[in-house]
Amino acid sequence: MKKISHIFLRLICLAFAAAAGWLVVWSFPLIMKTEDITTKIIAMVVCVGLFGFFALYMLAWSFFYDRMENRERLRKADAERKERRKPAKEKLAEARKEQRAERNTNYILGAIASATAVYFLIDKEWLMSGLMAAVAVYLFYKAARNIEPDEIKQKREEATRRQEVESLMENAKDDGAVIIVENVDSLTAIEDAIETFGDEYLGRKNGRNTIRLWQLEREKYALTFPLGYQPEAPFSLMWELDGWGLQPRGWFPSQRLKTQGGWTMLTVAESGATHAVTDNGYCYEDECNFHLRICSKLHLAYQPRPNIMNDSPKKLEDFT
């Protein structure tokens, strides 16, 4: 479906390019017959320059649509990533600055409205003077109460919560659970998977299910849970990562997954079911109900849990 939509957009672009090119070809002889030099120059700039540029732009857009769309997507992803990675204190300072700007703007507009009311009063325009006086009272009242707009209020609450989560992380000790994702072409795929996961699991005041993203190598990343997680969170995160074309492999304490042994390794099969194998050789299968059952038909090889700290990982960001 996506490929068909791309082809359709390309055809539309080619149609626009052809129409603009035809306008240039059709108008050029008419322009050259014009005797007035000023009219000729204006017509050349408008018809030939504007429509010619439009034709070339649409032609290029139709051929390089995928590249331009991908570039725009990456630009947007970088902007969102920079916004997410801002420290909580910086976000809180920005929210307070926006609130002060809103309050000062109301004071200034209130002063202007008061001056306008006095001006109309001098001219004995009683109705207009009364209306402007009412507007001035409302603006001063709004500035004095300093009611936060929803956007600023949301920013303030989010910054405050992130600050609380960051303070919790200073003394946090996770249980060693880790998910490894290799051969990652774009970091955006991991971020999209975490965003989908976060619709249900992130945003808690205690920071539970917070995901810390690490970069181990150029195309190799690790995800950890520094503030703990719900029992079903590992399964959901594994499914989301797999759904975005990644091949995650996770290690979790067996007691958290109610399996045998000390550690359990999770993978996602092609069927979508979660497969697991413990460090003492027991294999398990899950059928999308967050509960692992011993499966004697499976024969999986356990791989030792990696200690990512030995690789001097680079911490990228926390998703809370």
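1. Nonpolar surface patch. In this predicted model, Leu11, Leu14, Phe53, Tyr57, Leu59, Phe63, Phe64 and Met68 form a nonpolar patch of about 800 Å² on the surface. Two elements give two or more residues to this patch, namely helix H1 (2–33) and helix H2 (37–63). H2 supplies the largest share, with four residues. Leu11 is a member of the patch and is found in helix H1. With a relative accessible area of 52%, Leu11 is exposed, because the threshold for that class is over 50%.

2. Negative surface patch. A patch of negative charge on the surface gathers Glu80, Glu195, Asp199 and Glu200. Helix H7 (residues 187–201) gives the most to the negative patch, contributing three residues. Asp199 lies in this helix, H7, and is exposed at a relative accessible area of 67%.

3. Salt bridge between Asp318 and Arg212. The count of salt bridges comes to two. In one of them, the side chains of Asp318 and Arg212 meet at 2.7 Å, N to O. Asp318 lies in strand E9 (residues 314–319) and Arg212 in strand E2 (residues 211–217), so this pair ties together parts of the chain that are 106 residues apart in sequence. Asp318 has a relative accessible area of 14% and is buried. Arg212, at 15% relative accessibility, counts as buried. Both values are under 20%, which is why each residue falls in the buried class.

4. Salt bridge between Asp175 and Arg256. The side chains of Asp175 and Arg256 also meet in a salt bridge, at 3.4 Å, N to O. This pair links distant parts of the chain, 81 residues apart. Asp175 sits in the loop between helix H6 (150–169) and strand E1 (178–181), while Arg256 is in helix H9 (residues 254–257). Asp175 counts as partly exposed at 30% relative accessibility, and Arg256 counts as partly exposed at 29%. Where Asp318 and Arg212 are buried, Asp175 and Arg256 are partly exposed.

5. Cysteines. The count of disulfides comes to zero. For Cys283, the nearest cysteine sulfur is that of Cys295, 7.8 Å away, and Cys283 is in no disulfide. From the side of Cys295, the closest cysteine sulfur is in Cys283, and 7.8 Å is too far for a bond. The cut-off matters here: a disulfide requires the two sulfur atoms to be within 2.5 Å, so the pair of Cys283 and Cys295 does not qualify. Cys283 is buried, with a relative accessible area of 6%. Cys295 counts as buried too, at 15% relative accessibility.

6. Helix H8. Helix H8 covers residues 233–243. Its buried residues include Ala233, Pro234, Phe235, Ser236, Leu237, Met238 and Leu241. Gly245 follows H8 and has a positive phi, near 80°.

7. Points to check in the viewer. For the nonpolar patch, H2 is the element to display, as the source of four residues. For the negative patch, helix H7 is the corresponding element, with three residues. The two salt bridges can be found at Asp318 and Arg212 and at Asp175 and Arg256.

Terms used
Residues numbered from 1 in each chain as written. Predicted model: local features only at pLDDT ≥ 70, side-chain atom pairs only at ≥ 80, totals over all residues. Heavy atoms only, no water. Patch = residues over 30% accessible without salt bridge, like charges linked within 9 Å, V, L, I, M, F, W, Y side chains within 5 Å. Areas by Shrake-Rupley, 256 points an atom, 1.4 Å probe, with all protein chains shown as cover. Salt bridge = Lys/Arg side-chain N within 4 Å of Asp/Glu carboxyl O. Lys, Arg positive; Asp, Glu negative; His and termini not counted. Charge placed at Lys NZ, Arg CZ, Asp CG, Glu CD. Buried < 20%, exposed > 50% of the residue type's maximum accessible area, 1.4 Å probe, protein only.
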